[in-house]
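Colleague: I am new to this model and would like a close look at one helix and its surroundings. Please explain how the helix is set into the rest of the structure, and then place it beside other parts for orientation.

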Amino acid sequence: MKSELSALERLFYPRGVVVIGSASKGKLGYELLRQMCDGGYGALEGQRLFVVNPKSEGALGVRGYSAVAAIDEPIDLAVVASPPSTVPSVLEDCGKAGVAAAAIITAGFSEIGNDEAEDRVAEAAKASGVRFVGPNCAGIVNTGHHLYPSLETRPPAGRAAVVAQSGAIGGMVLAWAKQYGLGISKFVSYGNAADLNEIDLLRYLTDDAETDVVALYIESVADGRRFMDALHACTRRKPVVVIKAGRTTAGQRATLSHTGSMAGADRVYDAALKQCGALRVGSVEELFDACKAFLSVPSGIGGRIAIVTNSGGPGVLAADRGEEVGLNVAQPSPVIQERLSAFLPGHCAVENPIDLTVEGTGEWYRDVLVAVLAEYDAAVAINVSTPYLDSLELARGVCDAADQVADSPAKALVAAFLPEEIVADSVTYLENRGVPNFATGERAVAALSFVARHKPREPALDDHSKALTPPAHGGEDGSPWPGRVDGVGPLTDRLEGLSALPVSPETNAILEPRAMAWLDVNGFPVPPFRFAESNEEAVRSCQELGYPVVMKIVSPDILHKSDEGGVILNVSDDATARSAFQKLERIGAGRAFRGVVVYPLIDGAQEVLLGLSRDPQFGPVVAFGLGGIYTEIWQDVTLRVAPIDRGEAAEMIREINSFPLLEGVRGEPRRDLDALAETLSQFSQLPFRYPRIREIDLNPVFLFKEGDGLLVGDVRVILEHNLKERHR
C-alpha cells in the first residue's frame, strides 16, 4: 500500500513531467504539451516539463529528447501518446529513468479487442515498476499543482474530484465546471483500467486534503468487494456521488431461482452503493448538481424546504419535484403567513410555493427568504426573468438574505435564476457572493435533497472482501450436507430415507426434504414434516402430522413445483391424501419422481421471500421481499451484498413497498419483524459458511404476528457444479 500511495502521489504531484509522442502541431503529444504550458505547469518550484520522441523534437519552448533515460533531471510522471506498439518499450525506458507513474493516453487496446497488446503493456509496466492510468484514457488534472496533462477542458480550481472510467463523461463535467463555476481539485480518466483503477483512486482521494467531494463514473468495477471496502472508507470521510452506467435489464444473467432472476447486475450495484453510503445519481446533470450542493450547502440540513418564486408554474414544478425526491414542502405556519401578509400585496400567494409574481422586488425576496428560513431548513429562490426585469436587483436581495441567515446553523439558501442568456450577470453575482445557482427550480430542490439525505453509514459487517466462518455442518468441499443426513434431532423419525435422495444432476439442486433438514440443523425455524415414498407412507405421514396438510412433489426434475401443479393444499382426510399422492405421482411420471413431502397447513401468516444468489462481481447477494407465487410479478424486492447485520436487515425490510402489510393495516396484526430481521441476517451468512451454495430461495416464509416468530414454508438450494472453477 505504501508504494502504491507513493506512486499516486507522484502521479498527482510530479516534480517533472515528460510527454512521450510527436510534438508536431495537430498531434496528441503537441496538444498535451500545449495544455501543460497554458495551464501553467512549471510555475511552481521544481516543476520541469520535457518531451520525448524519436526525432528529439521539442515544441512550445519545451526541449525534446530521444529517450526518457537521456533526461538528467528527476521525472515522476510520463504522459504517453505514442503509437500502441511502442508503449511497452516506452514504459521500460521510463522504468530505467526512475519514473513512478504514467498516464497512457494511447488507444487501440482492449477497447477494440486487442487484449494481448494491453497485457504486454501491463507486464512491461509491472516489470519496470511504473504504475499507470489507462490505456485509452483522457489523462489527469490537479488544479492546485497546475497539472493539466489531459485533452479535456481546464476547469477552475476547487474542492471536487472527478474520477471517470469514460474520458468523455469526465470531460463533460469539466466543461460544465468551467461554464457554471464548479471548482475541481483533481480529475482522472482511467480508461481501460489495466493497472490503477477506481479502487486505487478512491483510496487515494479518501485522504486527499484538497478534495471535499468525489464524483465517480463507472461502467464496471474490477473487484466488487474490494470496491465496496474502498468506497465505504471514502464515504465515511466525504460524500461520494456515483453514476453507474448500464441500468437496463439486458445485462441480467439467467438463473434458476426467483432471487437470481430478480438480482440483475444493476440492482446489485444499487444495493452495494447504498450499503457503502454513496449517493447514486442517474445523469451527468445530477452528478454535477450534487457536487455543487455538497460544496455549497451545509451538511446535515433537514428536509423541510420553502420555495420563493416570481412565477407560479416553475414554483409548482419545483414543489412537485421536491415531494418526489422526499423533501417536505409543507405550508408555512400561520405565524409566518401573517408575517408575510403584513408586507406583501394581497395578490401574492403566501403558501408554499410563495409567489411574489412578476412584480417581486429584491427587498421582497430578501424579507420573505429571511422570514421562511426561521422555520424551514432550506429555501430555493426562483427567478424566471424577462429582458425588462432587473434580475441583478433580485439577485442582490437573495444574497442579502443569505448574509442575514449565515450564522443560523444548518440553513441553506440556493437559487434558480433563468433563462441563462438573460440572467448571466445575475448568476455571476450570486456565485461570487456564495449563493449557488442551478439551471432550474427542479434541479435546485433535487440538489438540496442530495445533501439532506446524505448520512455516512457504518458497515453492516466489516470488510466485504472476507468470508465469515468456515463451513459449520457441511462436507469438506463446503457443500451444505455431507453424504448422510443424521443428527437432526426430532426430525430423525421420518428422515431415514433422505440420505438416498440425490442432488439433481442437471440443476445441482438439493431436494426439498433434505434441504429442510439442513435448515433445521442450522437453526432456521421449519415446520414438522414427513417424507413419503409410497401412497401408504403418505397417508400415515398425514395422520401423524394431523389434518389438514399440504402435500408437495419431490423430484429432481421439477424445480418450480407450484408452476406444474406440484403443490396440493387442504388435504383434509385419508381419501384426499391418497388422491393427492396419485395426482403428484402422475405429474412426476417419467421425471424421476421420488415421493412427496407433507407439512401441516399454515394459516394466518404473511408470506415473504428470503433469497441468496451470487453476483459475478460482488459475490453473495441477499434479497428480501413479498413472498408466495406472485414474487416475480410484483418484483417488490430489495437487495444487499451479503453478509448483513440485524440493523441492515431491518432497513431492508422497511424498504419494500409492501412494508405496511408487515406493520399491520386494516385490522391486520403487526408481524414479528424482530424475528424476521434476525433470520435475514443469519441467512445472509450461509454462503460464507457453505461456499458451494450458488442460490437459495426460502419462499414462502410464513411470518406470524409480533412475538410468534416465523416458519420456513419452502426451500430451494442450488449448488455450484464445480467449486474449484469459481475460485480460479
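Modeller: A residue is called buried here when its relative accessible area is under 20%. The model is a predicted one, and the helix I would choose is α17, which spans residues 512-521. Of its 10 residues, 8 are buried, so the helix is largely enclosed by the rest of the structure. The buried residues are Glu512, Pro513, Arg514, Ala515, Met516, Ala517, Trp518 and Leu519. After α17 comes Gly523, with a positive phi near 90°.

Glu512 leads from the helix to an internal space. The structure holds 1 cavity of 30 Å³ or more, and the volume of the largest cavity is about 130 Å³. Glu512, which is one of the buried residues of α17, is also among the residues nearest the centre of that cavity, together with Leu511, Ser555, Ile558 and Lys561. In total, 13 residues line the largest cavity: 9 are nonpolar, 1 is polar and 3 are charged. Glu512 and Lys561 belong to the charged class, since Glu and Lys count as charged. Three strands, β17 (509-510), β19 (549-554) and β27 (715-719), each supply at least two residues of this lining.

For orientation, another helix can be set beside α17. Helix α3 covers residues 87-96, and its buried residues are Val87, Pro88, Val90, Leu91, Asp93 and Cys94. The elements covering them include strands β1, β4 and β5 (101-104) as well as helix α4 (115-128). Just after α3, Gly98 has a positive phi of about 80°.

The strands that help to cover α3 belong to an open sheet. Its 6 strands follow the order β3-β2-β1-β4-β5-β6, with parallel pairing. Strands β3 (64-65) and β6 (131-133) form the edges, each pairing on one side only. At the β3 edge, 2 bridges join this strand to β2 (residues 48-52), and the two run parallel. Within this pair, Val51 of β2 stands opposite Gly64 of β3. Helix α2 (residues 28-39) also packs on the sheet, where it touches β1 (16-20), β2 and β4 (77-80). The direction of α2 makes about 175° with that of β2.

To return to the helix requested, α17 is largely enclosed by the rest of the structure, and its residue Glu512 is among those nearest the centre of the largest cavity.

Conventions
Residues are numbered from 1 along each chain as its sequence is written. This is a predicted model: local features need pLDDT of at least 70, side-chain atom pairs count only at pLDDT 80 or more; totals for chains, interfaces and linings use all residues. Side-chain values use heavy atoms; hydrogens and water are left out. Two strands pair if DSSP finds at least two bridges between them. Helices (H or I, at least four residues) and strands (E, at least two) are DSSP runs, numbered from the N terminus. Contact means heavy atoms within 4.5 Å. Axes are lines fitted to C-alpha atoms, for helices over the stretch in contact, and angles run from 0 to 180 degrees between N-to-C directions. Buried means under 20% relative accessible area, exposed over 50%, partly exposed in between (1.4 Å probe, protein chains only). On a 1 Å grid over the protein atoms alone, a cavity is a set of points where a 1.4 Å probe fits but cannot get out, and a pocket is an open set with protein on both sides within 12 Å along at least five of seven lines; lining residues have an atom within 4 Å of a point. Grid points are joined across faces, edges and corners, and a volume is the space filled by probe spheres set on the points.
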